[in-house]
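Reader: I would like a close look at a single part of this model, followed outwards to whatever it packs against. Please give the cut-off for each term as you use it.

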Amino acid sequence: MSDPAADAERLIHCFDPDATLVEGAYESLIISPRWGRLRRQHPLLATSPRTHGAPAAWEAARQNLLTCRDRSVQLALATYQHPVRVTIRVPFDVLQDPQFDLHQHCHALLDRHGAEKNGVILRREALWIRTLLPDAEGLARFEFSNTFLLPITSEAMLAESKTLW
């Protein structure tokens, strides 16, 4: 299974490679220069009590990023989204095995496909699975998909910053 805090940190670094965690005496802060440039405001992406640890700060940053209503941030996310769609064939005896978890299997395959492009799943819960007709050999077929955020390059960030001002 995936670690939500690690996924959140990877997602924030895909959005802004310069994002950093700053731990103060009482709170943990996630600072993102790109977040600040896009919104034309301060670069503070998220804050959480230090007692909750760094994972809570990264998860708060992920939540703030994905729920942001600022049009510039939404456009930046949409620009680097990449849908990954996969079709697999599975023998029926594998499907009947109580140890086999189709949902987990699909997530693992998508993670591998996304890793090829260094992408991170935007919303793990958005996975969809569709059953297709069996193939000619009698194997069950499934199609599934999710959307990944691809990392922004430094050249793209420079070009983006020139268009904002």
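Author: Leaving out residues up to four places away in sequence, Phe15 touches Ser32, Arg34, Trp35, Leu38, Leu65, Ala76, Leu77, Leu149 and Ile152; contact here means heavy atoms within 4.5 Å. This is a predicted model, in which local features need pLDDT of at least 70 and side-chain atom pairs count only at pLDDT 80 or more, while totals for chains, interfaces and linings use all residues. Residues are numbered from 1 along each chain as its sequence is written, and side-chain values use heavy atoms, with hydrogens and water left out.

Phe15 belongs to the largest nonpolar core, which has 24 residues; Ile12, Phe15 and Ile30 are the members that touch the most others. A nonpolar core is a set of buried Ala, Val, Leu, Ile, Met, Phe, Trp, Tyr and Cys residues joined through side-chain atoms within 4.5 Å. Buried means under 20% relative accessible area, exposed over 50%, and partly exposed in between, with a 1.4 Å probe and protein chains only. At least two residues of this core come from each of α1 (4–15), α2 (33–39), β3 (44–49), α3 (54–67) and α4 (71–79). Helices (H or I, at least four residues) and strands (E, at least two) are DSSP runs, numbered from the N terminus. A second core, separate from this one, has 14 residues, among them Cys106, Leu110, Ile121 and Phe144. In soluble globular proteins, nonpolar side chains tend to be buried together.

Next, the helix pair in which Phe15 takes part. α1 and α3 pack with their axes 8 Å apart and at an angle of about 55°. Axes are lines fitted to C-alpha atoms, for helices over the stretch in contact, and angles run from 0 to 180 degrees between N-to-C directions. The two helices, α1 and α3, are therefore oblique to each other: under 35 degrees counts as roughly parallel, over 145 as roughly antiparallel, 65 to 115 as roughly perpendicular, and the rest as oblique. From α1, the contact uses Pro4, Ala5, Ala8, Glu9, Leu11, Ile12, His13 and Phe15; from α3, Pro55, Trp58, Glu59, Ala61, Arg62, Leu65 and Leu66.

Three contacts of Phe15, namely Arg34, Leu38 and Ala76, recur around a charged residue. Glu160, in helix α7 (residues 154–164), is in contact with Arg34, Leu38, Ala76 and Ile152, leaving aside its neighbours within four places in sequence. Glu160 counts as buried because its relative accessibility is 14%. Leu158 is also placed in α7, but counts as partly exposed because its relative accessibility is 49%. The C-alpha atoms of Leu158 and Leu45 are separated by 20 Å, with the two residues 113 apart along the chain.

The sheet comes next, since β3 supplies core residues. Its 3 strands form an open sheet in the order β1-β2-β3, with antiparallel pairing; two strands pair if DSSP finds at least two bridges between them. β1 (20–23) and β3 are the edge strands, each pairing on one side only. On average, neighbouring strands of this sheet are turned by 20° against each other, direction ignored. α3 packs on the sheet and touches β1, β2 and β3, and its direction makes about 140° with that of β3. β1 and β2 form a hairpin with 3 residues between them; 4 bridges join these antiparallel strands, and Glu23 stands opposite Ser28 in β2. Strand β2 (residues 27–31) is joined to β3 by 5 bridges, again antiparallel, with Leu29 opposite Thr47 in β3.

In the loop between α2 and β3 lies Arg40. Arg40 has a phi near 55°, a positive value in a residue other than glycine, and counts as partly exposed because its relative accessibility is 46%. Asn118, in the loop between α6 (102–116) and β5 (120–121), also has a positive phi, about 60°, although it is not a glycine. With a relative accessible area of 55%, Asn118 is exposed.

As for the whole protein, there are 7 helices and 7 strands. Buried residues make up 38% of its 165 residues. Among contacts between residues at least 6 apart in sequence, 62% join residues at least 24 apart. The C-alpha trace spans about 60 × 40 × 25 Å along its principal axes.
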